[in-house]
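The following questions and answers concern the structure shown below. Each answer sets out its reasoning before giving the value or name requested.

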Amino acid sequence: MAQAAAVAKPPAPPRRSRARSRARRTSATPRRLPYLLIAPAALLMLGFIAYPVISVFYYSLQHYNPTKPWRNGFAGFDNFVHAFTEDPIFWDTLVFSAKWVIVEVSLQLLFGLALALIVNQTFVGRSLGRALVFSPWAVSGVLTSAIWVLLYNSQTGITRYLADMGIGEYGTSWLSDTSTVFSAAIVADLWRGVPFFAILILADLQSISKDLYEAAEVDGASRVRQFLHITLPHLKDAIILSTLLRAVWEFNNVDLLYTLTGGGPAGETTTLPLYIANTSVDAHNFGYASALTTVAFVILLFCSMVYLRLSKFGGESK
């Protein structure tokens with residue numbers, strides 16, 4: 001009997017295989033630990049991001065106005081049809097938004113690049129100069145609007161001092177004139193947006209090896225050729241990324257324009273996001289505002305994908 005039991009007992013696994021299994025279990029735990037640690041924060045962020053997005057898509061298919069509950073209900077694609085075929089304000093605000101983004105981003109990139117090249121040089125007081133250049137970026141949009149409202153005030157602002165010098169007339173308000181309000185708003189937002197480009201471009205400029213410029217000087221390359229063939233190719237990805245981010249932010253710009261002009265005069269400075277805000281907050285038409293938000297989301301997503309595709313972001317510069 002004892003001999004039969006001994007024969008039926010399975011052989012013990014080799015010591016080497018048992019050591020390997022323990023090593024697999026112990027090595028799997030450290031690999032999973034980082035994901036387990038960030039899982040609560042990731043789930044929380046996903047909830048804060050996913051829930052609003054899903055809600056917007058849901059309400060875009062609804063007639064939802066809390067002040068008119070008897071009209072609430074499923075709308076299908078009626079809100080989208082109304083936007084594209086029956087709402088001229090939608091097209092006007094979309095065209096102005098495109099104009100606003102193109103002008104703002106182009107000028108901010110131009111001035112930001114120039115400032116970055118200047119503060120990248122060595123001169124006395126460079127640290128103070130950099131701090132002054134970057135300080136407007138720390139100011140909020142509402143505070144920026146308040147500053148420029150005071151500067152554009154017809155009684156105590158710039159126009160008053162220009163009138164004292166014989167330039168223009170007293171009582172002129174650039175924010176109330178349809179011929180000057182766009183330029184006035186552009187200048188106000190430039191003051192805040194230029195430092196963003198200057199910061200990103202300066203950071204990339206400081207990573208360029210000085211040996212490249214020294215070799216170019218030895219070969220007789222001028223400053224212009226050094227800028228075109230060394231500086232710009234190196235800044236390609238930084239410029240592409242910064243212009244994309246700033247274009248999205250400028251398209252969604254509400255705080256500055258709302259505080260500065262309120263979309264006026266006569267709707268001259270009403271962007272699509274500002275129109276969405278007025279439709280939802282003032283008119284309480286959350287269903288139609290959600291449909292407009294969905295349209296804006298699709299437009300930004302499509303334009304971003306096309307821009308990255310055409311610019312070959314992340315590719316090697318030739």
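Q: Which element gives the largest share of the nonpolar patch?
A: In this predicted model, a nonpolar surface patch of about 1000 Å² includes Leu-44, Met-45, Phe-48, Phe-297 and Leu-301. Two elements, α2 (15–59) and α13 (286–311), each give two or more residues to the patch. The largest share, six residues, comes from helix α2.

Q: Is Phe-57 buried, partly exposed or exposed?
A: Phe-57 is a member of the nonpolar patch and lies in helix α2. Buried would require a relative accessible area under 20%, and exposed one over 50%. Because its relative accessible area is 34%, Phe-57 is partly exposed.

Q: How far apart are the end C-alpha atoms of residues 33–61?
A: Residues 33–61 are one of the spans that an unreviewed UniProt entry annotates as "transmembrane region". Over this span the chain is 93% helix and 0% strand. Its end C-alpha atoms are separated by 42 Å.

Q: What percentage of the span of residues 131–151 is helix?
A: The UniProt annotation "transmembrane region", from an unreviewed entry, also covers residues 131–151. The end C-alpha atoms of this span lie 22 Å apart. Strand accounts for 0% of the span, and helix for 71%.

Q: How is the aromatic pair of Phe-196 and Trp-249 classed: stacked, tilted or edge-to-face?
A: The whole structure holds 18 aromatic pairs, one of which joins Phe-196 and Trp-249 with 5.1 Å centre to centre. The angle between their planes is 65°, and the class for angles over 60 degrees is edge-to-face. The pair of Phe-196 and Trp-249 is therefore edge-to-face.

Q: How many residues apart in sequence are the parts that Phe-196 and Trp-249 tie together?
A: Phe-196 is buried, with a relative accessible area of 8%, whereas Trp-249 is partly exposed at 39%. Phe-196 belongs to helix α8 (residues 181–205) and Trp-249 to helix α10 (residues 223–251), so their pair links parts of the chain whose separation in sequence is 53 residues.

Q: Which helices hold the residues of the salt bridge between Arg-192 and Asp-255?
A: Side chains of opposite charge can pair when their charged atoms come close. The closest N and O atoms of Arg-192 and Asp-255 are 4.0 Å apart. Arg-192 is buried, with a relative accessible area of 17%, while Asp-255 is partly exposed at 31%. The two residues are 63 apart in sequence, so the salt bridge ties together separate parts of the chain, namely helices α8 and α11.

Q: What N to O distance is found in the salt bridge of Arg-246 and Glu-250?
A: This is one of two salt bridges in the structure, and both Arg-246 and Glu-250 are buried. Because the two residues are four apart in helix α10, about one helical turn separates them. Their side chains meet at an N to O distance of 2.9 Å.

Q: Which Phe forms one aromatic cluster with Tyr-58, Tyr-59 and Tyr-64?
A: Tyr-58 and Tyr-59 fall within helix α2 (15–59), and the cluster also takes in Tyr-64. The remaining member of this aromatic cluster is Phe-286.

Q: What percentage of the residues of the protein chain count as buried?
A: The protein chain has 13 helices and two strands and exposes about 20200 Å², of which carbon and sulfur atoms supply 67%. Of its 318 residues, the buried share is 33%.

Key:
Residues numbered from 1 in each chain as written. Predicted model: local features only at pLDDT ≥ 70, side-chain atom pairs only at ≥ 80, totals over all residues. Heavy atoms only, no water. Buried < 20%, exposed > 50% of the residue type's maximum accessible area, 1.4 Å probe, protein only. Areas by Shrake-Rupley, 256 points an atom, 1.4 Å probe, with all protein chains shown as cover. Patch = residues over 30% accessible without salt bridge, like charges linked within 9 Å, V, L, I, M, F, W, Y side chains within 5 Å. UniProt positions renumbered as here; feature names shortened; annotations may be inferred. Phe/Tyr/Trp six-rings, centres within 6.5 Å; stacked < 30°, edge-to-face > 60°.
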